[in-house]
Amino acid sequence: MSASVAPASAAFPGARAARRRRIAVVVAGVAIVGSSAVAALLIGPVRLDTAGVLRELFGWVPFVGGSSLDEREATILWQLRAPRVALACVVGSCLAVSGAAYQGAFRNPLADPYLLGAAAGAGLGATIALVSGDGGTFGVGTPMLPVASFVGALGGVAVAYVLGGSMGGRTTTGLVLAGVAVASFLTAVQTFVQQRNSDTLREVYTWILGRLTTAGWSDVVLVLPYAVVSIVVLLAHGRLLDVLSVGDDEAGSLGLRPTRVRLAVVVAASLATAAAVAVAGLIGFVGIIVPHAVRMVVGSSNRWVVPLSAVCGAAFLVLADLVARIVVAPGELPIGVVTALIGAPFFAWLLRRSGRVT
């Protein structure tokens, strides 16, 4: 008596459909990133010819074509708009991936990249730099503001992690409570510094609300190495985050070391977050709404959520920046205002939905 074994795809048609849906999301995300990037390059105070911009872009491909823009238009395209789009892609990817990683590591759907005090630390560092004079430099010509905010963000997370460990075993609850305490303390110090130097309030709040208006290729070069290393590490931990989702005790029984995995994820996600806020300020809600939107479409597997969050985060922030540029043209809204106007209603809906589920 012989028995035939059905292929895995036939035995699990749901898994096959889920895989097709995930691949479709990848393709759609890449298409949205590309189309939104082209739109961001075309739209601005100075009108650029669509055909000319496309020829300029494809001019980098051998044997395809060349530029039809004059020197002024090419300068606007490559020195003003292109670095802004590139920076929005990198920052959006960093924040969305960090949010997805934090949510997986802490098993908390409301976690975001600023959970352990990165925002408060970056805010304090930036405030001190602005009070001291942003015109100065640090080290070999590096501006003080991004360095101070970067160090402040990592410092805030480090203090929260050490404090959380003192509560016993670095449990998720202990780390979250430590993050709340550290963020409150650093915010209080920042407020004190601001009150003592009220002449810099406008500059501080401009940074706090997020900014891509001054983006240049130097900012992209500054943040890109940290972004690449962090995202690669988080992608490599996607499967481990899935194991961690069953609980620390169960994950430990499967041979996983939850504390070590959580530390690696927190370090990588915090590095990406610190790099993002160092060049773009505090842009909120990206790390919450993008991973949740991805999970609604592809499911809860972090092997898919983490990489798709990187793609969709880039698309989301490019589109948000485009909205910030055109809503009150010729002026601009702070990009943090746009993400908050989108993210706050989504967050409220998410809380209501969670309440219905429980």
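**Exercise 1.** Classify the ring pair formed by Y102 and F106, which both lie in helix α4 (residues 71–106), four residues apart, about one turn of the helix.

*Basis.* The model is predicted, so local features need pLDDT of at least 70 and side-chain atom pairs pLDDT 80 or more, while totals for chains, interfaces and linings use all residues. Residues are numbered from 1 along each chain as its sequence is written, and side-chain values use heavy atoms, without hydrogens and water.

*Solution.*
1. Helices are DSSP runs of H or I with at least four residues, strands runs of E with at least two, numbered from the N terminus.
2. Rings of Phe, Tyr and Trp (its six-membered ring) pair if their centres lie within 6.5 Å; planes under 30 degrees apart count as stacked, over 60 as edge-to-face and the rest as tilted.
3. For Y102 and F106 the values are 5.6 Å centre to centre and 10 degrees between the planes, hence stacked.
4. Both residues are buried (under 20% relative accessible area; exposed is over 50%, partly exposed in between; 1.4 Å probe, protein chains only).

**Exercise 2.** Classify the pair of F285 and F347 and place both residues in the chain.

*Solution.*
1. The ring centres are 6.4 Å apart and the planes stand at 70 degrees, so the pair is edge-to-face.
2. F285 lies in the loop between α12 (258–280) and α13 (286–298), and F347 in helix α15, so the pair ties together parts 62 residues apart in sequence.
3. F285 is partly exposed at 26% relative accessible area; F347 is partly exposed at 23%.

**Exercise 3.** Is L341 buried or exposed?

*Solution.*
1. L341 is found in helix α15 (residues 335–357).
2. Its relative accessibility is 60%, so L341 counts as exposed.
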